[in-house]
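Colleague: Thanks for making time to look at this one with me. Could we go through the model together, one question at a time?

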Amino acid sequence: MASLLGTSSIRASPSLSSSSSSSSSSSTPSISPICFRPGRICGRALNAGIQIRPKKNRSRHHVSVMNVATEINSTEQQVGKFDSKKSARPVYPFAAIVGQDEMKLCLLLNVIDPKIGGVMIMGDRGTGKSTTVRSLVDLLPEITVVAGDPYNSDPLDPEFMGVEVRERVERGEQVPVIATKINMVDLPLGATEDRVCGTIDIEKALTEGVKAFEPGLLAKANRGILYVDEVNLLDDHLVDVLLDSAASGWNTVEREGISISHPARFILIGSGNPEEGELRPQLLDRFGMHAQVGTVRDAELRVKIVEERARFDSDPKEFRDTYKTEQDKLQDQISNARSCLSSVQIDRELKVKISKVCSELNVDGLRGDIVTNRAAKALAALKGKDRVTADDVATVIPNCLRHRLRKDPLESIDSGVLVSEKFAEVFS
């Protein structure tokens, strides 16, 4: 406590300390002496000190407390300044990722067109899956949201509006808007269902006596990215929650007398190691694309990766500065692709051939057809083209279909060879 309070000290006069030395030495261990010295202010003379002055006919012994709160506050301010500087954890630049082109392409296409439906990344341990996904944060573009809304409501699109915002818009109210970056939310494996979906606001229930809803991670991820590392180890009840939200685009919560629904449309990104178990087919089908990541075998590339990582660990800021030009160029390329995506056209002949490939591969449902069309258009927009070609389809169709071929949960996911062979046969 003495060290926490800093310079404030209270010392005892010799007359009092001598009379109480016997009792103090026997009862308590030796600590900083407490002293009452007549007419003297103890401690350093600071401007903000508080002093109790003696009055007539009273003992002149007094205690003065010297600027304890001021010194504690100054310490808190220093800690606050330190935290504000160090709070932003440096992120490895996306442009500095060596290799793994398939994974990077799938991520970029989902940023350009979120309606593709996300990407599932499976691969060996230590291949940079989580690093690549988290490095995507720097490239995410800005979106317009309603200020103060916990669901990141779109002020123009009713599909992405919360109930309260929609009611205000229908009444003709002018809602305040702000521009913010697309949000990336990490879903930890140990998260509870209440934290994911939302629950009763305990603080308001105790202080105000009202039932209020506290939004969860799904609300925060609306119009953003929901990332689940080691998704194949996720508990079944959380998988069910994700399936329900991904299917409807809305999250409905029934808790202790509260019934509320809010939009929950997000890009679902998952990563995992196939050696630790496969995903349920129902959840696997919700991912728009599937990327397989392998260990780099080229010795030169491995050395380059090790050296780049060492540079980043030694000085993250300098390392990020070296890739700033490439990062800015890639961010501009993504922004241009998002803006011209609606003008990209795909010929009906290509659509028919895509559906024929899906049909002959016996792909269940129509999700494969829809995702392939969207991914091909996003790739054309990324290249700066206004029309999809067969080469664009050939690039994306293995990632869109190979995880939909598995009929038996015990089977492994095809590497894309079957899809490529069928594509070559149909498009020949």
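Colleague: Happy to start with a pairing: over how many bridges do strand S3 and S13 pair?

Modeller: Keep in mind that this is a predicted model. Strand S3 covers residues 119-123, and its pairing with S13 is parallel. The number of bridges between S3 and S13 is five.

Colleague: And which residue in S13 is the bridge partner of Met122?

Modeller: Strand S13 spans 289-293, so to speak of partners we look there. The bridge partner of Met122 in S13 is Gln292.

Colleague: Nice. In what order do the five strands of the open sheet come?

Modeller: The pairing in this sheet is parallel. Its edge strands, each pairing on one side only, are S6 (184-186) and S13. From one strand to the next, the twist averages 20°. Reading across, the order is S6-S9-S12-S3-S13.

Colleague: At about what angle to S13 does helix H5 run?

Modeller: Helix H5 is made of residues 101-112. It lies across S3, S12 (267-272) and S13. Relative to S13, helix H5 runs at about 155°.

Colleague: Stepping back to the protein chain, what share of the residues is buried?

Modeller: The chain has 19 helices and 13 strands. Here a residue counts as buried when its relative accessible area is under 20%. Of the 428 residues, the buried share is 40%.

Colleague: Last one: what percentage of the accessible surface belongs to carbon and sulfur atoms?

Modeller: The accessible surface of the protein chain is about 23,800 Å². The part belonging to carbon and sulfur atoms is 52%.

Conventions: Residues are numbered from 1 along each chain as its sequence is written. This is a predicted model: local features need pLDDT of at least 70, side-chain atom pairs count only at pLDDT 80 or more; totals for chains, interfaces and linings use all residues. Side-chain values use heavy atoms; hydrogens and water are left out. Two strands pair if DSSP finds at least two bridges between them. Helices (H or I, at least four residues) and strands (E, at least two) are DSSP runs, numbered from the N terminus. Axes are lines fitted to C-alpha atoms, for helices over the stretch in contact, and angles run from 0 to 180 degrees between N-to-C directions. Contact means heavy atoms within 4.5 Å. Buried means under 20% relative accessible area, exposed over 50%, partly exposed in between (1.4 Å probe, protein chains only). Accessible areas come from the Shrake-Rupley method with a 1.4 Å probe; for residues, only the protein chains shown count as cover.
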